[in-house]
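Got the viewer open and a selection box ready? Let's take a short walk through this one, stop by stop.

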Amino acid sequence: MNEGMSWPNGRQSAAMVAITLDAEYIWLGMDRLYDTPKHRSMGEYGPKRGVDNLLSALEDHGVRATFFVPGIVAERYAPVVKRAAEAGHEIALHGYRHENFSRMTPQEQAEALRRGAEAIRKLTGKAPVGFRLPEGDCTKETLSIVREEGFLYDNSMFDHDLPYLREDGLVEIPMRWELTDFPYLAWGGIFPAGGSRIAVYDDVLNNWLWELEASCDMGHCYVISFTPQTVGSPGRMFMVEKVLERLGRKNIWIATGEEIAAYTKNGH
């Protein structure tokens with residue numbers, strides 16, 4: 001059953017491959033206990049090792065991804081982010097310092113967006129048009145601020161299976177927690193709350209592939225999110241490879257967030 005949109009070139013459905021390059025700042029934003037060399041190293045694995053594994057897999061499968069990058073990561077790991085941009089991937093914004101936007105005033109939120117966007121523009125020569133919230137929540141004003149700051153789309157909400165145009169003119173490309181690797185595979189100190197073990201890899205991959213099949217059958221937009229520090233290790237990359245291989249075998253339009261948002265905004 002196809003209840004989705006009409007996709008380009010007769011494609012049955014769409015897919016967006018998102019890479020969340022938040023390095024150590026996702027941990028530092030959770031709790032001060034992570035501000036130690038040992039804990040920081042968990043996040044540092046992403047830009048030091050995981051990114052190159054993901055870039056290699058994306059190149060092998062001919063997939064252009066959307067990298068969500070905090071501004072401070074673009075500054076600290078400039079060569080890594082620049083490599084991704086030069087490989088043809090979209091660089092979108094993930095806050096400035098992986099802030100929790102729900103704890104910020106509207107003015108502070110706007111400043112984080114501007115500072116982060118400027119860091120990416122300065123590095124890549126192109127201002128980001130997409131935004132994904134850091135893993136904290138947001139306020140009722142947040143998405144309006146994102147639109148006012150000139151962004152084309154947001155990739156933070158969970159309220160649909162298809163991209164749509166909000167009343168304020170911002171395109172929303174909804175995401176899903178079960179299609180995000182971090183909740184399954186990350187572990188450190190107090191995260192996950194109440195959790196004592198990392199998920200079984202084959203179980204995680206099965207979840208992703210079942211969702212892919214359903215999304216394709218129903219004409220939806222499949223948004224899979226990979227984190228270099230989490231899934232970029234050699235023993236986990238088989239999951240990424242399998243998803244990319246399956247995407248390539250289907251009649252799916254694999255596009256960046258910017259491409260999907262522009263297509264949606266044009267009324268498709």
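On this tour, contact means heavy atoms within 4.5 Å. Keep in mind that you're looking at a predicted model.

**Stop one: T230**

Select T230, which is found in helix 9, residues 228–231. Is T230 buried or exposed? Its relative accessible area is 4%, so T230 is buried, the cut-off being under 20%. Now show what surrounds T230: leaving aside its neighbours within four places in sequence, T230 is in contact with D181, F182, L185, A186 and R236.

**Stop two: L165**

Next, jump to L165 in strand 6, which covers residues 164–165. L165 has a relative accessible area of 44% and is partly exposed. Which residues does L165 contact, neighbours within four places in sequence aside? Pick L170, V171, T264 and K265. Of these contacts, T264 deserves a distance label: T264 and L165 are 99 residues apart along the chain, yet their C-alpha atoms are separated by 7.0 Å.

**Stop three: helices 8 and 10**

Colour helix 8 (residues 201–218) and helix 10 (residues 237–249). Two numbers describe a packed pair of helices: the angle between the axes and the distance between them. Here the angle is about 15° and the axes are 10 Å apart. Angles under 35 degrees count as roughly parallel, so helix 8 and helix 10 are roughly parallel to each other. Helix 8 passes helix 10 in a right-handed crossing.

Turn on side chains to see who meets whom. From helix 8, select Y201, D202, V204, L205, W208, L209, L212 and E213; across from these, in helix 10, select F238, M239, K242, V243, R246 and L247. Colouring by residue type gives ten nonpolar, no polar and four charged residues in this contact.

**Stop four: the cysteines**

Finally, how many disulfides does a search of the whole structure find? Zero. Select C138 to see one example: C138 is in no disulfide, and the nearest cysteine sulfur, that of C221, is 20 Å away.

Move on to C221 itself. Why is there no bond from C221 to C216? The sulfur in C216 is the closest cysteine sulfur to that of C221, but they are 12 Å apart, too far for a bond; a disulfide needs the two sulfur atoms within 2.5 Å. Before you leave, check the surface around C221: its relative accessible area is 9%, so C221 is buried.

Definitions and conventions
Residues are numbered from 1 along each chain as its sequence is written. This is a predicted model: local features need pLDDT of at least 70, side-chain atom pairs count only at pLDDT 80 or more; totals for chains, interfaces and linings use all residues. Side-chain values use heavy atoms; hydrogens and water are left out. Buried means under 20% relative accessible area, exposed over 50%, partly exposed in between (1.4 Å probe, protein chains only). Axes are lines fitted to C-alpha atoms, for helices over the stretch in contact, and angles run from 0 to 180 degrees between N-to-C directions. Helices (H or I, at least four residues) and strands (E, at least two) are DSSP runs, numbered from the N terminus. Angles under 35 degrees count as roughly parallel, over 145 as roughly antiparallel, 65 to 115 as roughly perpendicular and the rest as oblique. A crossing is left-handed if the near helix is turned anticlockwise from the far one by less than a right angle, and right-handed if clockwise. Ala, Val, Leu, Ile, Met, Phe, Trp, Tyr, Cys and Pro count as nonpolar, Asp, Glu, Lys and Arg as charged, and the others, Gly among them, as polar.
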